[in-house]
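Colleague: I am new to reading protein models, and I would like to learn how to go from a picture to careful statements. Could we take one together, feature by feature?

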Amino acid sequence: MPIASINPATGETLKTFESLNDQQLEEKLARAAATFPDHRRTSFAERAQMMIRAAEILEHEKQQFARVMTLEMGKPIRAAVSEAEKCALVCRYYAENAEKHLADEIVETNATRSYVRFQPLGVVLAVMPWNFPFWQVFRFAAPALMAGNVGLLKHASNVPQCALAIENIFRRAGFPEGAFQTLLIGAETVQRVIEDARVAAVTLTGSEPAGRSVAGIAGKQIKKTVLELGGSDPFIVMPSADLEAAVTTAVKARTINNGQSCIAAKRFIVHTQIYEEFEKRFVEIMKALRVGDPLDEATDIGPLATEQILKDLEDQVRVSVAAGAKLLTGGQKFKAGGNLAGGNFYEPTVLVDIPKGSPAYADEIFGPVASLFRIGGIDEAIELANATPFGLGAAAWTNDDAERNRFVDELEAGCVFINGMVASDPRLPFGGVKHSGYGRELGEFGIREFVNVKTVWIK
Ligand code: NAP
């Protein structure tokens, strides 16, 4: 696949890039390996100073960075500005907390002194997706660099300008050239990089097939991996919930990032007592969303990031409908006019009566397509919520204590949000179970993924 920036709102090719040749790749690997011994010896205070500078650059230039994101992958511009701001937050969070999270931990034993010390592993490769083209990278890079590791980024092939902009931010923030480098390479070159002896570990955020492949290669090399994969998050609504708050949040949770988020709510599981009202309001709000130019501040839903994603989405809806699912609204490519006629737009869509085994029942749907289910009670809700190979996030709406406790205990997911929508936060760990992956990003758990947990015993 060529490395090209294509505006998904218009189909226009903005820029193309040559992949790195063998010699260029070798130079980058050598530079990363040569930088690590020096970078690991810098103090937390020195690293924090550079990380705060990175945050300042993000804050001052958020409009320009947002424009690059929107032009390359189509997210609404308001969301792109928020993404740049959130990246600054994660830089500040780890600048302030890395030293505390990685401080020696004393453990009383029969030694005179014994403790645990956390030390960086070395060169960490990050294979990243296009959907949050800045945030996904910063939430890896901020903790990794603060821990004393150095980073190599293999970004998705459709967001090379974002990848280069991020490299440039770290460079301008004062990090040495080898501390964070973008590798413009295709997926087929990832194996070679993982197998390189100078690379210590890999983190991948992306699809299940990519995760299997990368973890398989890394496993053979006995290298640590973190996998942040897909999701088919449930959003459960029980009769005691604030229905209006639940339904407006539900639409937002489904359509965030044009519906292309791993933690977007994808399956809405609603108690029969309130189902009719929920369905009516949900469809009304979905129909009222403004689809169109992502650079326009008033737009709710922009184009899907690539033509392939649009085709995959059309197929998933077509197959689900052919299997018996019913469309309450949408179900077609959205026809935008003028210079947007070549864009990858899709109508906000609602499906009901979805048969088991069809794509809308349990698969990950990347786009503004919601699956609605009616359930008779909490047992059925939990059973349906867990009836997916994924386990990333889960939201449940209830004001009943006993129900809340059951959701927290029994939903198979890396996080459970009660009366809210699933979202990442620099302070809280983020990750999945089942086919959504393993390991955690963010918070204290995130920075401890790529460190050697070294036991020290002194007599
Ligand atoms: P993708 O196709 O898996 O691509 C993700 C990254 O992996 C890209 O850099 C891609 O490179 C690379 N890649 C693909 N196949 C590979 C292989 N066999 N070996 C090595 N690298 C490979 O996923 P996507 O379509 O960009 O992103 C959407 C997926 O990411 C969804 O499933 C979504 O749920 C998931 N996601 C998960 C999280 C989370 O935190 N759990 C967050 C965001 C997204 P190329 O672009 O060059 O192919």
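Colleague: Let me begin with a single residue: does N149 count as buried or exposed, and why?

Modeller: Keep in mind that this is a predicted model. The general idea is that a residue is called buried when its relative accessible area is under 20%. N149 has a relative accessibility of 0%, and therefore it counts as buried.

Colleague: Where along the chain is the place of N149?

Modeller: N149 sits in the loop that runs between helix 5 and strand 6, the latter covering residues 150–154.

Colleague: Which residues does N149 touch, leaving aside those up to four places away in sequence?

Modeller: On that count N149 touches F36, H39, P120, L121, G122, V124, A144 and F450. For two of these residues we can also look at polar atoms: a polar atom of the N149 side chain lies 2.7 Å from the backbone nitrogen of L121, and a polar atom of that side chain is 2.9 Å from the backbone nitrogen of G122.

Colleague: Now the nonpolar side: how many residues has the largest nonpolar core, and which have the most contacts inside it?

Modeller: A core of this kind is read as a set of buried residues joined through side-chain atoms. The largest one here has 130 residues, and F134, F138, F170 and F282 are those with the most contacts inside it. Helix 4, residues 77–101, gives the most to this core, namely 12 residues. Apart from it there is another core, of 22 residues, which includes F36, V202, I217 and L227.

Colleague: Which residues does F170 touch, not counting those up to four places away in sequence?

Modeller: F170 touches M51, A54, F138, A141, L145, F175 and F180.

Colleague: Finally the ligand: how many residues surround it, and which are the closest?

Modeller: The ligand is surrounded by 29 residues, of which R139, S157, S207, L229 and E364 are the closest. Sorted by class, this shell has 16 nonpolar, nine polar and four charged residues. Helix 8 provides the largest share of the shell, three residues.

Colleague: Which polar atoms lie at short range from the ligand's oxygen and nitrogen atoms?

Modeller: A polar side-chain atom of W130 is 2.7 Å from a ligand oxygen, while a polar backbone atom of A156 is 3.4 Å from an oxygen atom of the ligand. For a nitrogen atom of the ligand, a backbone N or O atom of E228 lies 3.5 Å away. Taken alone, the ligand exposes 900 Å², and the protein buries 85% of that.

Key
Residues numbered from 1 in each chain as written. Predicted model: local features only at pLDDT ≥ 70, side-chain atom pairs only at ≥ 80, totals over all residues. Heavy atoms only, no water. Core = buried A, V, L, I, M, F, W, Y, C linked by side-chain atoms within 4.5 Å. Buried < 20%, exposed > 50% of the residue type's maximum accessible area, 1.4 Å probe, protein only. Helix = DSSP H or I, 4+ residues; strand = E, 2+ residues; numbered from the N terminus. Contact = heavy atoms within 4.5 Å. Near = heavy atom within 4 Å. Polar contact = N/O pair within 3.5 Å; in protein donor to acceptor, adjacent residues only side chain to side chain. Areas by Shrake-Rupley, 256 points an atom, 1.4 Å probe, with all protein chains shown as cover. Nonpolar A, V, L, I, M, F, W, Y, C, P; charged D, E, K, R; others polar.
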